[in-house]
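Please walk through the model below, taking its pockets and its strand pairing in turn.

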Amino acid sequence: MKLFDKLKEKKSSNEENQINNNLYGGFMVSKNVIAGKPIKYTYREKSSIPQLNGWTIYSCDDTQEYVNNSKNFEILSATSIYKIAPVMLEIFNAPYGTDLCWLYEKNVHIGFYDLKKNQDTTIAKILNPNQK
């Protein structure tokens, strides 16, 4: 392992240790995402369950039939989400009603598409939707 890889691994581990899961609540996540499939779609709605934060995360392979079966989802902590998609914690405070498609280029996440506004968006605009 190269020195840079060791430093990166150590930094990542330190960030995970600093996450207070109690501040975030649970994320509803497709088991396909947990299995390593890329995230394709996320939305946030006000949850009727206080322990959930309202974020639901789908993979690129999730069909309507798949998402209709609650057994295909698990609730994950912020620490677990950070390991899968650290950017979720960056957009965590997006308002309820946020509806995003994840954009990829050569299997690398490059940004978001706002499904309500029908346009590419940035993290700043996701967090402040009235920003121009």
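**Pockets and sheet**

The second largest pocket holds about 150 Å³ of space, in what is a predicted model. Its lining consists of Val33, Gly36, Lys37, Pro38, Ile39, Ile84, Ala85, Pro86, Val87, Trp102, Tyr104 and His109. By class, nine of these lining residues are nonpolar, two are polar and one is charged.

The largest pocket encloses about 230 Å³. Its lining is made up of 14 residues, and those nearest the centre are Met28, Tyr43, Glu45, Leu52 and Thr56. Two elements each supply two or more residues to this lining: strand E1 (26-30) and strand E3 (52-59). E3 is the main contributor, with six residues. Sorted by class, the lining of the largest pocket contains six nonpolar residues, six polar residues and two charged residues.

The strands come next. How are the seven strands ordered in the sheet? The order is E4-E1-E3-E2-E5-E6-E7, in an open sheet with mixed pairing. At the edges are strand E4 (73-76) and E7, each of which pairs on one side only. From one strand to the next, the twist averages 30°.

At the E4 edge, E1 and E4 run antiparallel and are joined by four bridges. Within this pair, serine 30 is placed opposite phenylalanine 73 of E4. E1 is thus a strand to look at twice, since it also gives two or more residues to the lining of the largest pocket.

Towards the other edge, strand E5 (residues 99-105) pairs with strand E6 (residues 108-114) through six bridges, again in the antiparallel sense. Leucine 103 faces glycine 111 of E6 across this pairing. E5 and E6 make a hairpin with two residues between the strands, where lysine 106 adopts a positive phi near 55°.

E6 then continues to its other partner. Which strand does E6 meet through three bridges? That strand is E7 (residues 119-121), and the two run antiparallel. Here aspartate 114 stands across from glutamine 119 in E7. E6 and E7 also form a hairpin, this one with four residues between them, and asparagine 118 in the turn has a positive phi of about 55°. With E7 the sheet reaches its edge, as E7 pairs on one side only.

Note on methods. Residues numbered from 1 in each chain as written. Predicted model: local features only at pLDDT ≥ 70, side-chain atom pairs only at ≥ 80, totals over all residues. Heavy atoms only, no water. Pairing = 2+ DSSP bridges. 1 Å grid on protein atoms, 1.4 Å probe; cavity = no way out; pocket = protein on both sides within 12 Å on 5 of 7 lines; lining within 4 Å. Points joined across faces, edges and corners; volume = space filled by probe spheres on them. Nonpolar A, V, L, I, M, F, W, Y, C, P; charged D, E, K, R; others polar. Axes fitted to C-alpha atoms, helices over the stretch in contact; angles between N-to-C directions.
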